[in-house]
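Hi,

Here is the structure I promised to pass on. Have a look at it first, and then read my notes underneath.

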2 protein chains.
Amino acid sequence: MLFTHMVERQEADRLAAILKASSDPSRRSILTLLAQEGPLRITDIAARYDISLNSVSKHIKVLEAAGLVTRRTEWREHLIEIQMEPLSLVDQWFNELRSIWALRLDALEAALKEDDND
Amino acid sequence: MLFTHMVERQEADRLAAILKASSDPSRRSILTLLAQEGPLRITDIAARYDISLNSVSKHIKVLEAAGLVTRRTEWREHLIEIQMEPLSLVDQWFNELRSIWALRLDALEAALKEDDND
DNA sequence: CCATCATTCACCCAAACGGTTGACTGACTT
DNA sequence: AAGTCAGTCAACCGTTTGGGTGAATGATGG
């Protein structure tokens with residue numbers, strides 16, 4: 001059905017964004033930092049690393065696009081907060097993979113048992 | 001302790017490899033294919049896509065380096081099999097993140113309760 | 001009125017990436 | 001002896017990516 005495909009496509013894109021965003025070590029480090037310290041300004045985050053403020057700003061935008069982070073802008077100060085929810089989409093993909101794999105094994109086992117009866 | 005750090009470093013590198021490997025759509029698709037069809041030759045995999053055999057061969061090498069796939073070489077035929085175990089390392093990282101985050105919230109809550117008593 | 005501050009924007013650069021093509025290897029088929 | 005087959009290696013191309021610099025913005029504080 002068309003609608004289902006659209007939803008699936010959307011989810012696939014979201015998954016892609018999440019995985020790509022978390023595939024970079026700097027961004028993973030920023031996520032950890034945000035998890036332990038709570039919401040931080042971009043400047044505060046940049047202060048922890050020896051990369052430029054600009055670079056951090058770009059990383060935040062990538063994380064934001066993936067939904068891994070949200071931004072609360074209070075005039076010139078942007079408070080960045082980690083968002084855990086998107087991780088579940090990755091969990092979901094893993095579980096799908098695992099169940100597809102298990103399904104095939106089950107079928108294989110059944111086929112073997114069938115062979116026994118011959 | 002030095003030894004612990006070495007182990008952690010190793011694990012971090014492995015996590016990085018796994019996330020980067022699964023951040024590409026073609027590679028994710030290949031993984032799904034392998035999950036549902038079982039071990040396949042590189043040629044068989046390539047036949048499913050309109051990218052060259054060479055390109056698939058490279059993707060397989062990336063997946064192999066991440067441990068997401070193993071190779072059983074029977075002379076010129078290379079049987080590629082999906083490996084689920086590495087996914088648990090990503091699960092593990094997610095859970096660490098979530099627990100770090102929860103820990104901070106707990107501390108925050110405790111501090112608020114403390115304030116109430118003033 | 002001028003400086004400061006937090007952030008983004010517009011470029012620039014080098015490295016990495018996904019993909020291609022072409023040559024090579026080594027056994028099996030004809 | 002020649003050709004096919006499965007896969008790798010090496011070189012190349014265009015695009016993306018992570019990083020950097022410098023300027024712009026726009027309210028706030030001297």
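Below is what I found in it, going from the whole chain down to single residues.

First, a caveat: this is a predicted model, so please read everything here with that in mind.

**Chain A as a whole**

The secondary structure of chain A consists of five helices and three strands. In sequence order they run α-α-β-α-α-β-β-α. The radius of gyration is 21 Å, whereas the globule rule gives 13 Å for 118 residues, so chain A is more spread out than a compact globule. The C-alpha trace tells you how that spread is distributed: along the principal axes of chain A it spans about 75 × 35 × 20 Å.

How much of chain A is buried? Of its 118 residues, 32% are. The accessible surface of the chain is about 7,400 Å², and carbon and sulfur atoms supply 54% of that. As for contacts in chain A with a separation of 6 or more, 50% of them join residues 24 or more positions apart. On the charge side, chain A has 15 positive and 20 negative charges, and the mean positions of the two sets lie 12 Å apart.

**The sheet**

The three strands of chain A make an open sheet in the order β1-β3-β2, with antiparallel pairing. That leaves β1 (40-41) and β2 (69-74) of chain A as the edge strands, each pairing on one side only. As a reminder, strands of a sheet pair through backbone hydrogen bonds, either parallel or antiparallel.

The link between β1(A) and β3(A) (residues 77-82) is antiparallel and has two bridges. If you want a spot to look at there, A:R41 sits opposite A:L79 of β3(A).

For the hairpin, I looked at chain B. Its β2 (residues 69-74) and β3 (residues 77-82) pair in the antiparallel sense over six bridges. B:E74 has B:E77 in β3(B) as its bridge partner.

**The tryptophan in the turn**

Which residue of the chain B hairpin takes a positive phi? It is B:W75, in a hairpin with two residues between the strands, and the angle is near 55°. B:W75 is not a glycine, yet its phi is positive. The residue belongs to the loop between β2 and β3 of chain B. With a relative accessibility of 76%, B:W75 counts as exposed, the cut-off being over 50%.

In chain A, look at A:W75, which is placed in the loop between β2 and β3 of that chain. Its phi is positive too, near 55°, in a residue other than glycine. A:W75 is exposed, with a relative accessible area of 76%.

**A buried isoleucine**

Now for a residue on the inside. B:I60 is part of helix α4 (residues 53-65) of chain B. Its relative accessibility is 0%, so B:I60 counts as buried; the threshold is under 20%.

What is B:I60 in contact with, once its neighbours within four places in sequence are left aside? The list is B:I30, B:I42, B:I45, B:V69, B:R71 and B:I80. Of these, B:V69 and B:R71 fall within β2 (residues 69-74) of chain B, and B:I80 within β3 (residues 77-82). So that you have a distance to check as well: the C-alpha atoms of B:I60 and B:A35 are separated by 14 Å, the two residues being 25 apart along the chain.

That's everything from my side. Have fun with it!

Notes. Residues are numbered from 1 along each chain as its sequence is written. Chains are lettered from A and ligands numbered from 1 in the order in which they are written. This is a predicted model: local features need pLDDT of at least 70, side-chain atom pairs count only at pLDDT 80 or more; totals for chains, interfaces and linings use all residues. Side-chain values use heavy atoms; hydrogens and water are left out. Helices (H or I, at least four residues) and strands (E, at least two) are DSSP runs, numbered from the N terminus. The radius of gyration is taken over C-alpha atoms; the globule rule is 2.2 Å times the number of residues to the power 0.38. Buried means under 20% relative accessible area, exposed over 50%, partly exposed in between (1.4 Å probe, protein chains only). Contact means heavy atoms within 4.5 Å. Accessible areas come from the Shrake-Rupley method with a 1.4 Å probe; for residues, only the protein chains shown count as cover. Lys and Arg count as positive and Asp and Glu as negative; His and the chain ends are not counted. The place of a charge is taken as NZ of Lys, CZ of Arg, CG of Asp or CD of Glu. Two strands pair if DSSP finds at least two bridges between them.
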